[in-house]
Amino acid sequence: MIIERNFSLLQHHTFHIPATADYFIEYESVEELKEVLSLPIVKGNKFLQIGGGSNLLFTQDYHGAILHSAIRSIGVVSETAEEVIIKVGAGIVWDDLVAYSVKMGWGGLENLSNIPGEVGASAIQNIGAYGREAKDTIEQVECIDVESLCMRVFDNAECMYGYRSSIFKKEMKGRFIVTAVFFRLQKKPILHLEYGNLSTVLSSLKEPSLQDVRDAVIKIRSEKLPDPDLVGNAGSFFMNPIIPVGQYEKIKADYPDIPSYPAGPGQIKVPAAWLIDRCGWKGKAEGGAAVYEKQCLVLINQDHAKAQDVLSLAEKITISVKNRFGITIHPEVNFID
Ligand code: EPU
């Protein structure tokens, strides 16, 4: 176990805006996590479990303990001729898992290539891209109850997954720490290429492999999303709003090119990027923060941004989208104070 005091969080969140934590604690096993949760600097005090920090904005220095998992075991739990169930430690880097599964020829995660973050957070956030979400392959989520220190395993249905949402972000927020995730992967993969331009990018290949899909997703993502190692950002800053069909039809009458995705009976999901773009925000800056030129959904740390610059830019964008389209957009990024 590692315990650091007055610790710089710069390398632990992808916005790369300076912030420190009173304590930073990294644990390597479930047993160590239980010890951590019993420490006086954690028990009864302010603490926060983080993953890769790819969905966080520290609005100020964190006066508490930041916990980070270094549980990085991975193993096969069971397998048949058709599928394999693997148990993956929460501290494994998400894209390392995707690369590993593709190398093994196990299908299910390839569309989620190149997403920053770690495995534990993937099960909380239900990360998604190119028509697939983490929930499509998650079998079970193993957690520790932060109060009782007992282990609890949630099956997929109990996680109550929705778009970028789960029970761990709602009713059970802060009550559990994910220690491992079980994924059900396919040995005879069925590819999902219907979303966006994925099939176009792969159109020259007769029978694309998992590796081809992974390469195509990485290519598409790197063309429109900034590399957080080079330009601080937290991916999509806002969630795509889900609105009633009636409201969508009214907007479409004025803006016939508005894109949409199905979102269940009577509802439609519209891209926040498109709404923000139409409000004229592309490339606009506020202090050191800016709207990314190639993708309006992404706010970037352009030039030594302060958290306040990002917050103020986000607020102005939210107001202008509301005023123009009557739609309230909500951040996907978690604000931490
Ligand atoms: N668009 C604009 N202006 C822009 C960017 C996009 O008008 O500056 C339009 C595009 O033409 C397109 C639509 O907006 O019609 C949607 O754009 P895009 O496909 O780039 O983004 P998205 O579908 O809304 C979601 C996820 C991404 C994920 C992609 C691919 C959310 C909030 N975001 O974006 O996830 O990679 O789909 O599946 O759901 C993330 O969560 O960090 C993330 C990057």
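In this predicted model, the account may begin at the ligand, where a backbone N or O atom of Y130 lies 2.6 Å from an oxygen atom of the ligand. The side chain of R164 also takes part in the surroundings of the ligand, for one of its polar atoms lies 2.7 Å from a ligand oxygen atom. The backbone is involved again at C296, where a polar atom is 2.9 Å from an oxygen atom of the ligand. Taken alone, the ligand would expose 830 Å², and the protein buries 82% of that area.

Which elements give two or more residues to the shell around the ligand? They are strand β8 (128–129), helix α5 (210–224), strand β13 (232–236) and helix α7 (272–278). Helix α7 gives the most, with four residues. In total, 26 residues surround the ligand, and the closest are Y130, Y163, R164, D277 and Q295. By character, the residues of this shell divide into 14 nonpolar, five polar and seven charged.

Strand β13, which contributes to the shell around the ligand, also belongs to a sheet. This open sheet consists of four strands in the order β13-β19-β18-β17, and their pairing is antiparallel. Strands β13 and β17 (285–286) stand at the edges with a single partner strand each, so one side of each has no neighbour in the sheet. Within the sheet, β18 (residues 289–291) and β19 (residues 298–301) are paired in the antiparallel sense over three bridges. One residue shows how the partners are matched: A289 has N301 in β19 as its bridge partner. A helix accompanies this sheet, namely α8 (residues 307–325), which lies across β17, β18 and β19 and runs at about 35° to β18.

The structure also contains an open sheet of five strands, in the order β6-β7-β12-β10-β11, again with antiparallel pairing. Why is one side of β6 and of β11 left without a neighbour in the sheet? Strands β6 (74–79) and β11 (151–155) stand at the edges and each has a single partner strand, so one side of each remains without a neighbour. Neighbouring strands of this sheet are turned against each other by 25° on average, with direction ignored.

The pairing at one edge can be followed in detail. Strand β10 (residues 138–145) pairs with β11 in the antiparallel sense over five bridges, and E142 stands opposite V153 in β11.

Two helices lie across strands of the five-stranded sheet. Helix α1 (residues 30–38) lies across β10, β11 and β12 (176–186) and runs at about 40° to β10. Helix α2 (residues 94–104) lies across β6, β7 (83–89) and β12, and runs at about 20° to β12. Strand β12 is thus named in the description of both helices, α1 and α2.

How values were computed
Residues numbered from 1 in each chain as written. Predicted model: local features only at pLDDT ≥ 70, side-chain atom pairs only at ≥ 80, totals over all residues. Heavy atoms only, no water. Near = heavy atom within 4 Å. Polar contact = N/O pair within 3.5 Å; in protein donor to acceptor, adjacent residues only side chain to side chain. Areas by Shrake-Rupley, 256 points an atom, 1.4 Å probe, with all protein chains shown as cover. Nonpolar A, V, L, I, M, F, W, Y, C, P; charged D, E, K, R; others polar. Pairing = 2+ DSSP bridges. Contact = heavy atoms within 4.5 Å. Axes fitted to C-alpha atoms, helices over the stretch in contact; angles between N-to-C directions.
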